[in-house]
Amino acid sequence: MPRVIGIIGYPLKHSISPYFQQAALDYYQLDIRYQAWETVPGELGEMVSRLRHPQNLGANVTVPHKESVLPLLDEIDDVAGLIGAVNTIVNRDDRLAGFNTDAHGFVEALRERGDFEPEGKQAVILGAGGAARAVGFALIRGRVKLLTIINRTLERAEALANGLRGYQASAGLATQVVALPWENVKMPQTFGRFHLIVNCTTIGMRHSPEEGKSPLNLEAIPSGALVYDLIYNPSPTPLLQLAQRAGANILGGLPMLVYQGAASFELWTQRKAPIDIMLQRAEEVLERW
Ligand code: NAP
């Protein structure tokens, strides 16, 4: 009987993880199936207990379960504990271990596909939700000099900034962390200093109320910056189209998705993830959607 891995989330209609994960498993000719396990919040406990079966190697976890899954697991890795979210579960002899590979995926894609080294740079994050938390953590660990967080709900930006200040103090790092109100997105003078602008909001995402919109207008985008949009559908996003017109460098969200998945693949299989094959498969699937 083949062993199984799956993605736990709701909804999963637009998830491309099953396609590029299966491509990686097939590359090594492993007798493992990667499945989509759509799970509503009330069924999460039962779904997680099924992972303990020896046939299951583990799972990815996505919206809306990344935080609520923590108390259901036996062990939480340090990074997942600091971020407060799990996106990967590994079943090790009936013990479920939780990991977070989002921060790693973000920074690997930044370095490998964006050709950008964060150390000493000034960065701004738009948004303060789950993705922004992983990105903020990754950028502080990557030793940015300044990290500014701009969010529609200022209290969430402040809470995230406080959490990140706590982390950087405990880790002996020296990033300056600042929270600013959303009105700044309309103020081009706010953005001139940034080497890196990361969109962690849902603005511009296909099938969302803000489809077709950009969080920033053309004037706010400095020509020397790298603009990194975590959204991967559509590609390029409205923000990245504007960034191109402004003369900035751009990076979409697909490499991050694939690099976080590659790190999960390595945790389940202990084999080096075939990144190019995974990325190619992800691109093929997205083109058809
Ligand atoms: P989330 O927790 O729901 O956070 C959404 C963020 O967007 C919040 O900061 C929210 O602001 C902001 N927002 C939503 N609508 C807005 C609007 N109309 N105006 C201004 N701000 C608005 O979502 P998430 O999990 O962090 O995900 C964020 C994005 O990242 C999604 O598009 C997701 O697909 C993408 N993502 C990509 C990857 C990848 O691997 N490429 C991984 C994770 C996430 P408030 O706080 O004011 O509500």
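**Exercise 1. Find where Pro-64 sits in this predicted model, then work out which peptide bond leading into it is unusual.**

Step 1. Start with the location: Pro-64 belongs to the loop that runs between strand E3 (56–61) and strand E4 (75–76).

Step 2. Now check omega. The bond from Val-63 to Pro-64 has omega near 5 degrees, making it cis.

Step 3. Put that in context: most peptide bonds are trans.

**Exercise 2. Where is Pro-234, and what is the geometry of the bond from Asn-233 to Pro-234?**

Step 1. Look in the loop between strand E11 (226–229) and helix H8 (238–246); that's where Pro-234 is.

Step 2. Read omega for the bond from Asn-233: the value is near 10 degrees, and the bond is cis.

**Exercise 3. Take Asp-93 and His-207. What are their phi values, and is each residue buried or exposed?**

Step 1. Recall the background: most residues other than glycine have a negative phi.

Step 2. For Asp-93, phi comes out near 50 degrees, so a positive value in a residue that isn't glycine. Asp-93 is in the loop linking strand E5 (88–92) to strand E6 (95–99).

Step 3. For His-207, phi is near 65 degrees, again positive in a non-glycine residue. The loop in question lies between strand E10 (196–199) and E11.

Step 4. Use the cut-off for exposed, which is over 50% relative accessible area. Asp-93 has 76%, so Asp-93 is exposed. His-207 has 55%, so His-207 is exposed too.

**Exercise 4. Describe how domain 1 and domain 2 meet. How much area is buried between them, and what share comes from carbon and sulfur atoms?**

Step 1. Set the bounds. The domain assignment gives domain 1 as 3–100 + 255–288 and domain 2 as 104–252.

Step 2. Count the residues in contact: 18 come from domain 1 and 19 from domain 2. The C-alpha centres of the two domains are 25 Å apart.

Step 3. Get the area. About 1500 Å² is buried between the domains, and carbon and sulfur atoms give 69% of that.

Step 4. Ask who pays for it on the domain 1 side. Ile-83, Met-256 and Tyr-259 supply 41% of the area that domain 1 buries against domain 2, more than any other three residues.

**Exercise 5. Which polar features cross this interface, and which elements of domain 1 touch domain 2?**

Step 1. Tally the charged pairs: two salt bridges are found across the interface of domain 1 and domain 2. There's one between the side chains of Asp-276 and Arg-113, at 3.1 Å from N to O.

Step 2. Add the polar contacts: four residue pairs between the domains, both at pLDDT 80 or more.

Step 3. List the elements giving two or more residues to this side of domain 1: helix H3 (78–83), helix H9 (254–269) and helix H10 (275–288). H9 gives the most, with six residues.

Step 4. Sort that side by class, and you get 13 nonpolar, three polar and two charged residues.

**Exercise 6. Is Gln-260 buried or exposed, and what does its side chain pair with?**

Step 1. Place the residue: Gln-260 is in helix H9.

Step 2. Compare its accessibility with the cut-off for buried, under 20%. At 8%, Gln-260 is therefore buried.

Step 3. Find the partner. The side chain of Gln-260 makes a polar contact of 3.0 Å with that of Asn-87.

Step 4. Widen the view, skipping neighbours within four places in sequence: Gln-260 is in contact with Asn-60, Asn-87, Thr-101, Asp-102 and Gly-105.

Key. Residues numbered from 1 in each chain as written. Predicted model: local features only at pLDDT ≥ 70, side-chain atom pairs only at ≥ 80, totals over all residues. Heavy atoms only, no water. Helix = DSSP H or I, 4+ residues; strand = E, 2+ residues; numbered from the N terminus. Buried < 20%, exposed > 50% of the residue type's maximum accessible area, 1.4 Å probe, protein only. Domains from an automatic or database assignment. Buried area = accessible area lost by both parts, 1.4 Å probe. Salt bridge = Lys/Arg side-chain N within 4 Å of Asp/Glu carboxyl O. Polar contact = N/O pair within 3.5 Å; in protein donor to acceptor, adjacent residues only side chain to side chain. Nonpolar A, V, L, I, M, F, W, Y, C, P; charged D, E, K, R; others polar. Contact = heavy atoms within 4.5 Å.
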